[in-house]
Every structure is written in structure tokens, then in C-alpha cells.
Amino acid sequence: SSRLVVSAFCNLAVMRIGAFLPVALGSTFNPLINTTTAGAPASFSFPKVKGDFTVFNSKYDNETSALQVYRDNAVLEAISYPGAEYNFIGDWDLDTSAEKYNLVIMAVDSNLENPGGLYVHVEGTPTASDVTIMQLGDAVPGRSGETFTYIASPSIGTWNGVTQVSFVGYSNAGYRAIWVWSRPATGAATLRAVVDNTKPIPDDEQYLFQCLYSPVVNETTVVFFGSNCGTSSNKGQTDENGYGPVQAQWMRTHPLGSTTAASHALRVEHLDAGIYTVGIHSSKVSVVASQASKTPVPGQPNTTFNAFSDPVVAGDFVGFSGLSTGGIIGLYRFDATTAGLEKVVQVGEAIPNTNSTFSDFPRGCSVGANGEVAFYAAAPETENFGVYTTTNGVTVTKVVSLGDKMDGNTLDYIGFGQDGYAAESSTLALYFVYVTQPPVAGIWLYDQQSSVLV
């Protein structure tokens with residue numbers, strides 16, 4: 001079957017200084033870069049990792065940001081667009097399948113409000129030679145008189161010499177679609193919509209895909225989050241917060257202690273939500289799991305899925321967090337080769353080597369090409385907030401938690417995003433803040449095979 005590639009959205013890291021009682025752990029953490037490094041920026045994004053490459057955004061205190069690209073522990077290049085109309089890098093994805101890596105980059109204007117350009121950057125080349133996929137104001141293919149007004153969530157991969165980029169794009173007339181840009185080794189590139197807001201939702205076809213998020217491209221399909229949105233104008237009634245009846249009830253009775261509802265990975269406000277795939281050439285939509293299909297929740301008898309995070313993908317595996325009609329959050333893994341949906345871990349299950357249990361999974365998960373899952377979890381005790389992995393969907397192993405210490409310093413914040421794990425190099429990329437005066441933030445790599453931070 002076709003191989004899928006890892007992609008997800010950009011998570012901006014924010015320093016948060018607090019206090020708690022740490023649990024001592026005799027480990028030494030050696031950073032890739034931190035705020036005490038000569039010439040280092042004042043802040044970073046959550047890092048993304050693929051193979052031997054780690055990429056993160058920096059220079060948030062300036063009008064122009066830059067992507068920092070590392071291979072192992074050595075910096076390869078810094079990518080920025082100084083002086084350009086769209087000079088701040090908002091999101092990106094990395095393709096390492098060729099001799100030189102490709103980055104798809106979404107640039108925004110310096111006030112961080114208007115996503116404006118989508119470019120492909122080839123390793124080691126000047127940004128002036130980057131390939132422009134599209135920009136705001138460009139004509140929308142097949143839509144007479146319409147122009148692009150919004151773009152988001154690019155992902156990239158190359159198969160048999162064909163580079164493909166998927167992204168979300170909206171028009172000035174309200175047209176919403178997931179687009180795929182394809183460029184063969186020779187010949188012209190093409191851009192086409194593969195699913196849009198005229199497409200009926202499977203198993204509830206009187207309603208349409210009004211919301212489309214976080215597409216991940218592979219050779220023949222795109223995986224995405226889709227829904228009928230959450231407003232009363234398109235389906236059902238919502239409360240003053242925009243939540244549907246069941247989601248609103250869950251939000252009232254299950255406060256998100258580790259994060260706010262707005263920043264939680266779950267999109268609880270959406271109606272007829274689900275994780276779907278769509279054929280790039282056929283435009284056929286298939287269900288991974290959805291509300292409308294009443295997909296049973298593994299590990300929770302007599303319940304179905306009621307809300308989802310955006311998907312992450314690697315190899316033949318799709319990962320996501322889900323909320324059941326029973327009000328339980330869990331992490332789940334779909335195997336495209338068997339069409340099997342499995343539970344990874346759920347709220348209430350034991351945290352290894354503690355007397356505590358998981359209470360939330362606020363940032364979704366990251367998936368490896370062999371089905372491994374890495375995730376950030378919350379717990380009733382602050383010291384058990386941290387990053388954990390599982391290789392078989394059964395055994396959970398801690399990587400690091402807020403109860404640990406870094407060179408004798410208390411950890412105050414751990415950042416781990418949905419592109420934070422690469423199975424091919426057994427590496428996790430993490431963002432840390434630890435309490436010193438002033439506090440120190442930085443990027444660290446964790447080698448899962450040797451179980452040390454490198």
C-alpha cells in the first residue's frame with residue numbers, strides 16, 4: 001500500500017514560569033540550542049523532526065522569523081524572507097525522501113495575521129530561487145472570478161520523482177477546499193482541489209464539509225479532519241461558546257485542567273466531525289473514524305466518537321486524539337494496511353512507575369512509521385505532566401516529566417508537538433524551559449534507542 005508521511009501543524013511555544021515540588025532524577029540534558037547559546041534567539045517554536053533533521057522556527061521578537069535546520073547536532077541553514085511582503089514563517093513541513101531535503105513553507109505578513117505565500121525550498125539554495133506554489137490574491141483554479149484569501153496547513157512528500165504538497169485554501173466567495181499541488185521531475189506543476197465544501201459528509205450526506213483542516217499528503221491520498229463546522233447556520237444549534245449539545249455538556253463537566261479549550265488539540269466544537277481520507281485522483285472520501293458513521297471507540301464498550309483532534313500520519317499509520325460519547329479522551333491509531341483502529345492510551349489509565357493516572361492529552365500525539373506513538377500527557381500532579389511513548393499500544397514508557405531535573409535545574413515547561421517523533425532515527429525533539437534566573441529555554445533531542453537526551 002502507499003506510504004504516508006508525517007505532518008502536522010506548527011505549535012508556538014510560550015514560556016510559562018511557575019513553581020512545584022520536583023522529583024529528582026540524575027540525568028544530564030545536552031541541548032541542541034538554548035537561549036544561553038551565543039547568538040541564539042529569545043524564543044523558539046516546538047521543533048519538528050524527520051530522520052536526522054530537526055527544524056524549528058525562531059526570531060519571534062523580530063519582524064522576520066527564520067527556520068533553523070539541523071542535521072544531527074549541526075546547523076545546516078537558516079531560512080528567512082527578509083524584506084518580503086510575507087516575511088514571517090507561519091508553518092512548514094519537511095520532505096527527506098530525496099538526496100536533498102525539500103521544505104514547504106507558509107509565509108505570513110509581519111503582523112502574523114495574513115497567511116500569504118506558499119513556497120518550496122530546496123536544501124542549500126537561496127530563498128530567491130524557492131518555487132512559489134501560490135500567494136494570496138492568485139486566481140482559484142476552476143472558479144471564475146475567485147481569488148485565494150486564506151491558506152493553511154501545508155504538507156509535502158515525494159514519490160517516484162513527483163513532489164506533492166497539500167494545503168487548505170479558501171476563496172473570496174466562500175469556497176473552501178483541500179488542494180494538492182503536484183510537480184513531476186519533468187513537466188509543469190498542477191494544482192487541483194481534491195475535496196471541498198460542496199462535498200457531502202459520508203453517512204450524513206444532507207450536510208457538507210464546511211470545515212477542512214490539517215491535510216497530510218501521501219502518494220495517492222490525503223488524510224484530513226473534516227466537519228460541518230459548529231454554527232447553527234449550517235447544522236444544529238450551538239451554545240454561546242459555539243459548542244454542540246453533547247460537546248457543550250462535556251466541556252461543562254470535564255474542565256481542561258492542563259490547557260484552555262481554545263488551545264486543546266480536540267476540536268470539540270465541530271458537528272459531524274471525523275478523520276477522513278480522500279483520493280488525489282478519484283476525490284473519493286473514505287472514513288477513518290467519524291461522528292456521522294458512529295465509529296465505535298476501541299476500549300470503551302457502547303460508545304462512539306464525538307470529537308477529534310487533527311490527524312498525524314507516518315508510514316501506514318494515522319494517529320489522533322478522540323473524545324467518546326462517554327466523555328473519555330484517548331489516543332488512537334489507525335492502520336491503513338488492515339483498516340484496523342486501535343486504542344493507544346486513554347484518560348484514567350496508569351502512568352508507569354507512579355501511583356497516578358493520565359488525566360488529559362492536550363496536544364494530540366506524534367506517530368512513527370512502525371506504529372509507535374509519542375505524546376504529551378497531563379496528570380492530577382504537576383510533576384507527572386510530560387512526554388511518553390508506546391511501541392505496541394500497550395506498554396507506556398516515560399521520556400521526561402516536569403518532576404525531572406535538567407543539570408540540577410527544575411523543569412518548568414515541556415513542549416512536544418505533533419511532529420516531534422521520527423521512527424527512522426528513533427528521535428524525539430522537545431522544547432524545554434527550566435527555572436533559573438533568567439529562565440532558560442531550548443531545543444533538545446532524545447535518542448529513544450539509547451534512552452538518553454543527546
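This tour goes through the salt bridges and the disulfide of a predicted model.

Residues are numbered from 1 along each chain as its sequence is written, and side-chain values use heavy atoms, with hydrogens and water left out. Because the model is predicted, local features need pLDDT of at least 70 and side-chain atom pairs count only at pLDDT 80 or more, while totals for chains, interfaces and linings use all residues.

**Salt bridges**

Across the whole structure a search finds seven salt bridges, each being a side-chain nitrogen of Lys or Arg within 4 Å of a carboxyl oxygen of Asp or Glu. Side chains of opposite charge can pair when their charged atoms come close.

Select Arg143 and Glu146 to begin. Their closest N and O atoms are 3.3 Å apart, and the two form a salt bridge. Glu146 is buried at 11% relative accessibility, whereas Arg143 is partly exposed at 30%. Here buried means under 20% relative accessible area, exposed means over 50%, and partly exposed lies in between (1.4 Å probe, protein chains only).

Next, pick Lys343 and Glu349, whose side chains meet in a salt bridge with an N to O distance of 2.6 Å. Lys343 has a relative accessible area of 28% and is partly exposed; Glu349, at 25%, also counts as partly exposed.

Then go to Lys398 and Asp404, a salt bridge of 3.1 Å from N to O. Lys398 is partly exposed at 31% relative accessibility, but Asp404 is buried at 2%. After this pair, select Lys48, Asp91 and Asp419 together: salt bridges that share partners join these three residues into one network.

**The disulfide**

Now display the cysteine sulfur atoms. A disulfide is a covalent bond between the sulfur atoms of two cysteines. Taking a pair of cysteine sulfur atoms within 2.5 Å as the rule, the count comes to one disulfide.

Select Cys211 and Cys229, which are joined with an S to S distance of 2.0 Å. The link between Cys211 and Cys229 is right-handed, with 105° about the S-S bond. Cys211 belongs to strand E16 (residues 211-217), and Cys229 sits in the loop between strand E17 (221-227) and helix H1 (245-253), so the disulfide ties together parts that are 18 residues apart in sequence. These helices (H or I, at least four residues) and strands (E, at least two) are DSSP runs, numbered from the N terminus.

Colour the two cysteines by accessibility: Cys211 is buried at 4% relative accessible area, and Cys229 is buried at 8%. A last cysteine to select is Cys365, buried with a relative accessible area of 3%.
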